[in-house]
Amino acid sequence: VARQWLQASIKAKPLAGAYFALGQVDVDLNRAPEALQSFTRATELGTADEKAGKQVPWLTEAWFRVGRAHRDLNDDCGAKHACQTFMARQPRAGGERDEATHYLETTARGCP
């Protein structure tokens, strides 16, 4: 039901935060392709919002989620780009940063 409400909301007005929330629901529903689409759109809109001077507190996490969704779909090069973008945003210390660092140091080496 939450997914349906978020989709209706996005259809009425595509907001970055709604796409981010939809991505989280998609992860909970084990829908990796849909989560990737939702988080990718959230990062696109959220980046535009930041450039317009708005604060987007969840944008760094969204980049991490894009990377994880790419990894779930076995797309190492897409994951590498997302992890690099996540790390460039200087995330706070913790599990997500450690996971992204480990990924970039190991699995993503073969990608341009």
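Me: Which residue does the side chain of Thr60 join in a polar contact, and at what distance?
Reply: The partner is Arg89, and the polar contact between the two side chains is 2.8 Å. Bear in mind that this is a predicted model.

Me: OK, and where is Thr60 found?
Reply: Thr60 is part of helix H4.

Me: Buried or exposed, that Thr60?
Reply: Buried: its relative accessibility is 18%, and the cut-off for buried is under 20%.

Me: What else does Thr60 touch, leaving out residues up to four places away in sequence?
Reply: Thr60 touches Phe86 and Pro91, along with Arg89. So Arg89 turns up twice, as a contact and as the polar partner at 2.8 Å.

Me: Switching to rings. How many aromatic pairs does a search of the whole structure find?
Reply: The search comes back with 3 aromatic pairs. One of them is Phe20 with Trp58, a stacked pair with 4.8 Å centre to centre and 15° between the planes.

Me: Where in the chain do Phe20 and Trp58 come from?
Reply: They come from distant parts, 38 residues apart. Phe20 belongs to helix H2 (residues 16–28), while Trp58 is in the loop between helix H3 (32–51) and helix H4 (59–72).

Me: And are those two buried or exposed?
Reply: Phe20 and Trp58 are both buried.

Me: Phe86 came up earlier. Why is its pair with Phe64 called tilted?
Reply: The ring planes of Phe64 and Phe86 are at 55°, with the centres 5.3 Å apart, so the pair counts as tilted. Planes under 30 degrees apart would be stacked, and over 60 would be edge-to-face.

Me: Which helices hold Phe64 and Phe86?
Reply: Phe64 is in helix H4 and Phe86 in helix H5 (residues 76–88), so this pair ties together parts 22 residues apart in sequence. Phe64 and Phe86 are buried as well.

Me: Which residues form an aromatic cluster?
Reply: Phe20 and Trp58 are in one cluster with Phe39.

Me: What about charges, what sits over the ring of Tyr103?
Reply: That would be the charged end of Arg71, placed 5.0 Å from the centre of the Tyr103 ring.

Me: Tell me where Tyr103 lies. Which helix?
Reply: Tyr103 is in helix H6, which covers residues 95–105. Tyr103 is also buried, at a relative accessible area of 6%.

Me: How far apart are Tyr103 and Glu61 in space and in sequence?
Reply: The C-alpha atoms of Tyr103 and Glu61 are 16 Å apart, and the two residues are separated by 42 residues in sequence.

Me: Zooming out, how many helices and strands are in the chain?
Reply: The chain has 6 helices and 0 strands, running α-α-α-α-α-α from the N terminus.

Me: Does its radius of gyration agree or disagree with a compact globule?
Reply: It agrees: the chain has 14 Å, and a compact globule of 112 residues would be near 13 Å. The C-alpha atoms fill a box of roughly 40 × 35 × 25 Å along the principal axes.

Me: What share of the 112 residues counts as buried?
Reply: The buried share is 39%. As for contacts with a separation of 6 or more, 43% are between residues 24 or more positions apart.

Me: Last one: what is the mean pLDDT, and which element has the lowest?
Reply: The chain has a mean pLDDT of 93, with 98% of its residues at 70 or more. Helix H1 (residues 2–12) has the lowest mean among the elements, 91, and H3 has the highest, 97.

Terms used
Residues are numbered from 1 along each chain as its sequence is written. This is a predicted model: local features need pLDDT of at least 70, side-chain atom pairs count only at pLDDT 80 or more; totals for chains, interfaces and linings use all residues. Side-chain values use heavy atoms; hydrogens and water are left out. Rings of Phe, Tyr and Trp (its six-membered ring) pair if their centres lie within 6.5 Å; planes under 30 degrees apart count as stacked, over 60 as edge-to-face and the rest as tilted. Helices (H or I, at least four residues) and strands (E, at least two) are DSSP runs, numbered from the N terminus. Buried means under 20% relative accessible area, exposed over 50%, partly exposed in between (1.4 Å probe, protein chains only). A charge sits over a ring if NZ of Lys or CZ of Arg is within 6 Å of the ring centre and within 35 degrees of the ring normal. A polar contact is a pair of N or O atoms within 3.5 Å; within protein, one must be able to donate a hydrogen and the other to accept it, and residues adjacent in sequence count only if both atoms are side-chain atoms. Contact means heavy atoms within 4.5 Å. pLDDT is the predictor's confidence in each residue, from 0 to 100. The radius of gyration is taken over C-alpha atoms; the globule rule is 2.2 Å times the number of residues to the power 0.38.
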